[in-house]
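Me: I have a chain open in the viewer and would like to talk it through before I set anything up. Can we start with the surface and then work inwards?

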Amino acid sequence: MKLRPLVVALALLAPAVPAAPATAAAGGGYSATIRRTEYGIPHITAKDYGGLGFGYGYAFAQDNLCTLASWVVTLRGERSRYFGPEAESDDPAKPVADLASDVYYKSIAGSGVVPRLLARPAPVGPSAELRRLVDGYVAGYNRYLEDTGVANLPDPRCRGKAWVGPISATDMWTNLLDLSRMASGSSLKEAITGMAGPGKPRPMPAAGSNAWALGRTATRDGGGMVLADPHFPWQGIRRFYQVQLTIPGVLDVSGGSLYGTPVVQIGHNAKVAWTHTVTHAQHFTVYRLALAGGHSYTVDGRVEPMGEQEVEVTLPDGTVSQHTLLTSRYGPVLAVGQSDEAAYALADANAANLRAADEWLAMARAGSLDELRAAQRTYQGMPFVHTLATDVSGTAYFADTSVVPHVTDAEAERCAKPSPVPGLDAYVLDGSTSACLWGRDGDAVVPGIFGPAKQPALIRADYVANSNNTYWMTNPAKPLTGYPTAYGKTGTDLQPRPRVSLDMIAQRLSGADGLGAPGFTLDTLQATVRGKRDLTFELMRDDLLKMCDTDSRNDVREGCRTLEKWDGRATLDGAGAILWREFFTRLGRPVKAGDPPYSPWRLPFDPAHPLTTPRGLKDVPAVRQALADAVEFFRSNGIPLTLTPGQAQSYASIPIPGCTEGEGCFDRVRTGGPLGTDGRYPEVDTGSSFMMAVELTLAGPRTRTVLTYSLSANPASPHHADQTALFSRGGWVTERFTAAEIAADPHLETVTVHERR
């Protein structure tokens, strides 16, 4: 029987149960002090975790209630009711049609996975401290909403809207679970539901982030330093919120916290600093099911029935859209790739991962790098990111501690099956035999994932670095090899951004970058990041100019003169930076339909020379045509060839420097579409987000930060674009971490908030 394209249930089906009521601190209600320094940055202090969460939830709601309120509608599967089933969801990483989103999240609620995890003790279930943080956060958010009233909210985006209301702890646990699934199940909503909206399915945006952990031999003063430069969306729930969270004598952490989470994901305390980048590791597999007729399949020759679940989504007119959902022993049965003989199921290693939040909380309490590593071994919850960290001793640490299915290279080869659809090419396994189930490690906190002993890791006295390359070039002096391919391949092309990252470090350590004596200080770390180098231009410039010398076309020669004068930096006034981008993005495209793509590199990638290849530019007709086409686009639309990043790209009407991932810019930007005929790109939507440069000293941390899109998503807030303007001109905020530093702010604002009793 051919299966119809049914929407799917997630694994672990069970009746949902009500969330436990919030619990206040012993001896009274929640209480916290919120101190705001420059740019509105909140410093929350409380005597216990419940109070800390309360203060954080209250402060966050002051700045960003509308964003979280909209996301809660998403998590509850109610977008179709309020915004229509065909509208686009508010998922900033990969938006889908509201109906597909609603069916997906209703299936999560119906699966009972959240209450089941809450019934487990730590480390699989949340710790008591994290539970109190979440309960307090919910109470603080709701207290602000009660105090202000929906009709009086300062943000016009949700003022007076029917979809705004109190949130629950279940909403926040679901948000934490969804964050863990961001690179797995949550990114596959259309494949799971079979509901692709107009113009979809769309690929996930390219991963982006830079991270350096500098050890004692790389820094001038012999301490540890961290550069954090995550490239997360500039809109929606995956923005960072800058905050300091303090319980005297227990916790004191400062950094970037993703919206709707009560913990700091990227940050530092007095002795330890850490950051993350997205990995190349596998976080799910797909199993091919051998169908046995009806809703059943075989494993080891025995027939197993698929589980079924009915999901109902309310539409704007009050009617209900009903969907039948299927699941297997591996997880949800995908609605794509089905035939008379086979269907496919998603096995998500992060399907029941609430451990990440406890891991970040434990890292925030760590007094040394050893304690941070112990926290990671205890919880094993990093969903899809590498960790780079250091401490006051100046020891640099890298590891891919992310949650990875236990599939050995031998098993992957033995169990491999063809992909059901493009985009699901890796790790499609034979689901008809239990011999292809995920393996077990004795040191793994849950079955089916690799334990810490199998994870790529490196500890150095000089540095570790990652810019979303695979782990093998963490430090070129010590290439990492020999780990399961599920963590990523070795010997592969680094790509331009990781190459420029490693070159920036090498030049600073040798003093060849013109910034003074070798070695990093806080000032030279900032100056290095502000360089705005475009590596592909550096690697191709000489060959380009040679090619230009033999081109007789006047328009092309004018373009060549512009590029010859450009210094190769994507600064606000980089005259030639946009022309180069438009030329570079055309490279590799076939000249005419039916022609194969080509490589523009004169020297191809050589695994024996990963830091210097590929390089150069081929002088072939397709390359010459790409340059002519780019120049013609400018000329025919009256756009000056000297168009600068400051003229072409912006956010909230503020000019934004930088260039793109493919060009090899370190702190890259991405706009929402191609260059328009008016010489403008759509608004920047992704790029450097929460930038942090921290130096750990025996006297305490010294830190500079900039939140590129600013603290508040509310367009009416004074902190909607103030740090954006700072970022535009290359500025940073000097962090106030100690009580004395906070008190010294001449514009300090302090308020104490209490739970109403």
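Me: How much area does the chain expose, and what share do carbon and sulfur atoms supply?
Reply: In this predicted model, the chain exposes about 27300 Å², and 53% of that area is supplied by carbon and sulfur atoms.

Me: And the charges, how far apart are the mean positions of the positive and negative ones?
Reply: The chain has 72 positive and 78 negative charges, and their mean positions are 1 Å apart.

Me: OK, overall shape. What radius of gyration does the chain have, and what would a compact globule have?
Reply: The chain has 26 Å, which agrees with the value near 27 Å that a compact globule of 757 residues would have. Taken along the principal axes, the C-alpha atoms fill a box of roughly 75 × 70 × 55 Å, and 60% of the 757 residues count as buried.

Me: What about secondary structure, how many helices and strands?
Reply: There are 19 helices and 29 strands in the chain. As for how the chain is tied together, among contacts between residues at least 6 apart in sequence, 69% join residues at least 24 apart.

Me: Let's zoom in on α9. Which of its residues are buried?
Reply: Helix α9 covers residues 369-379, and Leu369, Leu372, Ala375, Gln376 and Tyr379 are buried in it. Seen down the axis of α9, these buried residues fall within an arc of 115°, so they line one face of the helix.

Me: Why would that spacing put residues on one side?
Reply: An α-helix has 3.6 residues a turn, so residues three or four places apart point the same way.

Me: And what covers the buried residues of α9?
Reply: The cover includes the helix α8 (355-365) and the strands β8 (272-278), β15 (385-391) and β16 (396-399). Just after α9, Gln380 takes a positive phi of about 50°.

Me: Which other residues have a positive phi without being glycine?
Reply: Tyr427 and Gln495 are among them, with phi near 60° for Tyr427 and near 80° for Gln495. They are worth pointing out because most residues other than glycine have a negative phi.

Me: Where do those two sit, and is each one buried or exposed?
Reply: Tyr427 lies in the loop between α10 and β17 (428-430), and at 15% relative accessibility Tyr427 counts as buried. Gln495 is in the loop between β19 (463-466) and α11 (496-510), and with a relative accessible area of 43% Gln495 is partly exposed.

Me: Back to α10, what does Ala412 touch?
Reply: Ala412, which is in helix α10 (residues 409-414), touches Val407, Tyr427 and Leu429, if residues up to four places away in sequence are not counted. Ala412 is buried, with a relative accessible area of 17%, and the C-alpha atoms of Ala412 and Val428 are 8.3 Å apart, although 16 residues separate them in sequence.

Me: Different topic: which peptide bonds are cis?
Reply: One of them joins Ala122 and Pro123, with omega about 10°, and another runs from Thr613 to Pro614, with omega near -5°. Pro123 is in the loop between α4 (113-118) and α5, while Pro614 is in the loop between β20 (601-603) and β21 (615-617).

Me: Last one, since α5 came up: where is Asp135, and is it buried or exposed?
Reply: Asp135 is found in helix α5 (residues 128-148), and at 10% relative accessibility Asp135 counts as buried. Asp135 and Gly53 are 82 residues apart in sequence, yet 7.2 Å apart in space, C-alpha to C-alpha.

Key: Residues are numbered from 1 along each chain as its sequence is written. This is a predicted model: local features need pLDDT of at least 70, side-chain atom pairs count only at pLDDT 80 or more; totals for chains, interfaces and linings use all residues. Side-chain values use heavy atoms; hydrogens and water are left out. Helices (H or I, at least four residues) and strands (E, at least two) are DSSP runs, numbered from the N terminus. The radius of gyration is taken over C-alpha atoms; the globule rule is 2.2 Å times the number of residues to the power 0.38. Buried means under 20% relative accessible area, exposed over 50%, partly exposed in between (1.4 Å probe, protein chains only). Contact means heavy atoms within 4.5 Å. Accessible areas come from the Shrake-Rupley method with a 1.4 Å probe; for residues, only the protein chains shown count as cover. Lys and Arg count as positive and Asp and Glu as negative; His and the chain ends are not counted. The place of a charge is taken as NZ of Lys, CZ of Arg, CG of Asp or CD of Glu. The arc is that of the directions from the helix axis to the C-beta atoms.
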